[in-house]
Amino acid sequence: MAEDSSPSTPEQTFLAHLPLIERVARHTCRRHHLAAQDAEEFESALKLKLIADDYAAIRKFQGRSSLPTFLTAVIQHYFLDYLDHLWGRWRPSAEARRLGPIAVQLERMLTAESLTLGEACELLRTNRRVAMSVEQLEDLASRLPARTARRFTGEEALAALPSAAQADDLVDLSERNRLRSRIEGGLAKALARLAEEDRLILRMNVQDGLTVASIARTLGLDAKTLYRRLEQVRRDLRQSLTAQGIQATDVDTLLGEEPPRSRAILRMRPSNGV
Amino acid sequence: MPRLDWWPEETAEACPDPETLATFVDGRLDAKERSRVAGHVAGCSRCHEVFLGIVRFREDEEPGTRPRAAGPWLALAATVAALVVAGLLLRARSSSLPDPGSYLASLPTAAATSDAEPWPVLVFRGPATTDASADSAFEIGVLLVDAQALAARGDAAGARPRFMRLALLLDHAGFVEQEADAFREASRASGEDVRRHAPRIASLARGLGERFDRSDLLLGSWAEAARLAAHAQDASFFAEPRQAAILDAARQRQGLGPETARALTDIAALWPNGRDRPEWTKLAEASSRLIESRVR
């Protein structure tokens, strides 16, 4: 191991970095709004995994990176495995995570577990002892993005909707799905034209919500030039989408359903007169 | 800040192992490998989640203070050793640093009610910069404290040019239209009506902390708060551990400039806590010099 301060055996390395391991585990669980019980279970499972097979995970370290960063990366991998075990393929939306742990639980119940809103509210208030009224939970649910009717809805599924659904609602939903597919396809093509690092910078800013200063620190870039670079990337993306026939109004139509705080790239105003 | 809840998946290549991702985050890959991994991390949701987890942890542990290795293989041992030492020194302090919004929300308003007139004649030394530089963030921090205190005491005439300057700086920075509009609206308040804008400043500062360098925003607010507290001879301000923590963190920073560093050293030497007879005038002057060294 490359660092001067590293102990000599994997066991000593594990023990010396145990406080870091615990901090990373707790931080990660908090970020993902895991319930306390699940977070405790993950931390225990993590330690067992790191110890397993004579500290095999730690013995894999080659010294190319710093040990703390390596351990943090390993813990993130184990955490994603744990989420697969806990939630399957389902993941909370960015909006649910922003709204907090109750929103995450509510979203899971409504989407992954296919409960009705009434059932989800009852479960949260009685079994999970959530101290919110039904009205408050209904309001929270209304702020979650409409994920159930995304592009995966086929015509046959639409036909299977309850008979109370109005015909024009079905047509509207079908049209919205087609519009969404077109926009997502166009976005994929436009992103593919960007340089690799530009794609990453854009994702870190637009999807992850990281500030330009934070992105600059992470990637070792100058913040001042990064601001200009990001503006140029956004302009390039806008032009690329427009060239594919995707207009800002199309995105606005679709995003009219989204929670008020969600915005797409095309809705951002360009700066400096561009 | 705009958010997109979906990103196209692009996973033509095999995922890098954890140490390769860690090496990428540490800035130790060569240029070609760096581009390849950056492209993969941008398009693979799982690797992106691992990457983001590392970034979020590091940002939360040591906000704004973690330097990145400049080159892939040069002087790695020295760089890593310096990072470990700096991290150990800073962790106890920086983990307790408040965000600008919460700091402003809890500042004492002694200066707002004091009969002393500490407010300098405003001299904006130049036009607003065209981007959100560190000095802009510092100046914004200074102005937020002034504007909050003046608005709290109902001084619309004093608060107005500060609100207008804030709106101008934010207009130039871009992507903070809501905050710029809020300050423009505040600049139009007259008389006692300006008081209602004081409580909003802290919540606006939280939004600005997302756009600007938070450490410079916080330092600017702290510098002006210290200057006002020194004018008001408010010993309780300097007795708060977080005020000393902000000073300590600032003194540890790299690349602040000689005038700024000197002013911080002087403030530390004049720190009133525990002194029988604090030198308030000198302390206020040192705080003024700190501000002038950054607001250009």
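Gln233(B) is exposed in this predicted model, with a relative accessible area of 51%, which is just enough because exposed means over 50%. You will find Gln233(B) in the loop between helix H11 (214–231) and H12 of chain B. Its backbone deserves a look too: although Gln233(B) is not a glycine, its phi is positive, at about 50 degrees. Most residues other than glycine have a negative phi.

Chain A offers a second case of this kind. Tyr55(A), also a residue other than glycine, has a positive phi near 60 degrees. Here the setting is helix H3 of chain A, and Tyr55(A) counts as buried because its relative accessibility is 12%, with the limit for burial set at under 20%.

From Tyr55(A), let us step back to the chain around it. Chain A has 14 helices and zero strands, so reading its elements from the N terminus on gives α throughout. Of its 274 residues, 46% count as buried. Among contacts in chain A with a separation of 6 or more, 61% join residues 24 or more positions apart.

Helix H3 of chain A (residues 36–59) also has a packing partner in helix H2 (residues 18–31) of chain A: their axes are 10 Å apart and meet at an angle of about 140 degrees. That angle makes H2(A) oblique to H3(A), because roughly antiparallel would require a value over 145. The crossing of H2(A) past H3(A) is right-handed. On the H2(A) side, the contact uses Leu18(A), Ile21(A), Glu22(A), Ala25(A), Arg26(A) and Cys29(A), and on the H3(A) side Ala39(A), Phe42(A), Glu43(A), Leu46(A), Lys47(A) and Leu50(A). Sorted by class, eight of these residues are nonpolar and four are charged, with no polar ones.

Now follow the helices across to the other chain. Helix H11 (residues 196–206) of chain A packs with helix H3 (residues 45–61) of chain B at about 65 degrees, and their axes are 12 Å apart. H11(A) and H3(B) are therefore roughly perpendicular to each other, since that class runs from 65 to 115 degrees. H11(A), too, passes its partner H3(B) in a right-handed crossing. Leu200(A), Arg203(A) and Met204(A) from H11(A) make this contact with Ser45(B), His48(B) and Phe51(B) from H3(B). Three of the contact residues are nonpolar, two are polar and one is charged.

Aromatic side chains give another route through the model, which holds 11 aromatic pairs over all chains. One of them joins Phe61(A) and Phe70(A): the ring centres are 5.0 Å apart and the planes lie at 40 degrees, so this pair is tilted. Both rings belong to buried residues, with relative accessible areas of 7% for Phe61(A) and 4% for Phe70(A).

In chain B, Phe238(B) and Trp280(B) make another tilted pair, 5.8 Å from centre to centre with 45 degrees between the planes. Phe238(B) sits in helix H12 (residues 235–239) and Trp280(B) in helix H15 (residues 280–294), so the pair ties together parts of chain B that are 42 residues apart in sequence. Phe238(B) is buried at 1% relative accessible area, and Trp280(B) counts as buried at 12%. These two residues belong to one aromatic cluster together with Trp222(B), Phe237(B) and Trp271(B). That brings us back to the region where we began: helix H12 is one of the two helices on either side of the loop that holds Gln233(B).

Definitions and conventions:
Residues are numbered from 1 along each chain as its sequence is written. Chains are lettered from A and ligands numbered from 1 in the order in which they are written. This is a predicted model: local features need pLDDT of at least 70, side-chain atom pairs count only at pLDDT 80 or more; totals for chains, interfaces and linings use all residues. Side-chain values use heavy atoms; hydrogens and water are left out. Axes are lines fitted to C-alpha atoms, for helices over the stretch in contact, and angles run from 0 to 180 degrees between N-to-C directions. Helices (H or I, at least four residues) and strands (E, at least two) are DSSP runs, numbered from the N terminus. Angles under 35 degrees count as roughly parallel, over 145 as roughly antiparallel, 65 to 115 as roughly perpendicular and the rest as oblique. A crossing is left-handed if the near helix is turned anticlockwise from the far one by less than a right angle, and right-handed if clockwise. Contact means heavy atoms within 4.5 Å. Ala, Val, Leu, Ile, Met, Phe, Trp, Tyr, Cys and Pro count as nonpolar, Asp, Glu, Lys and Arg as charged, and the others, Gly among them, as polar. Rings of Phe, Tyr and Trp (its six-membered ring) pair if their centres lie within 6.5 Å; planes under 30 degrees apart count as stacked, over 60 as edge-to-face and the rest as tilted. Buried means under 20% relative accessible area, exposed over 50%, partly exposed in between (1.4 Å probe, protein chains only).
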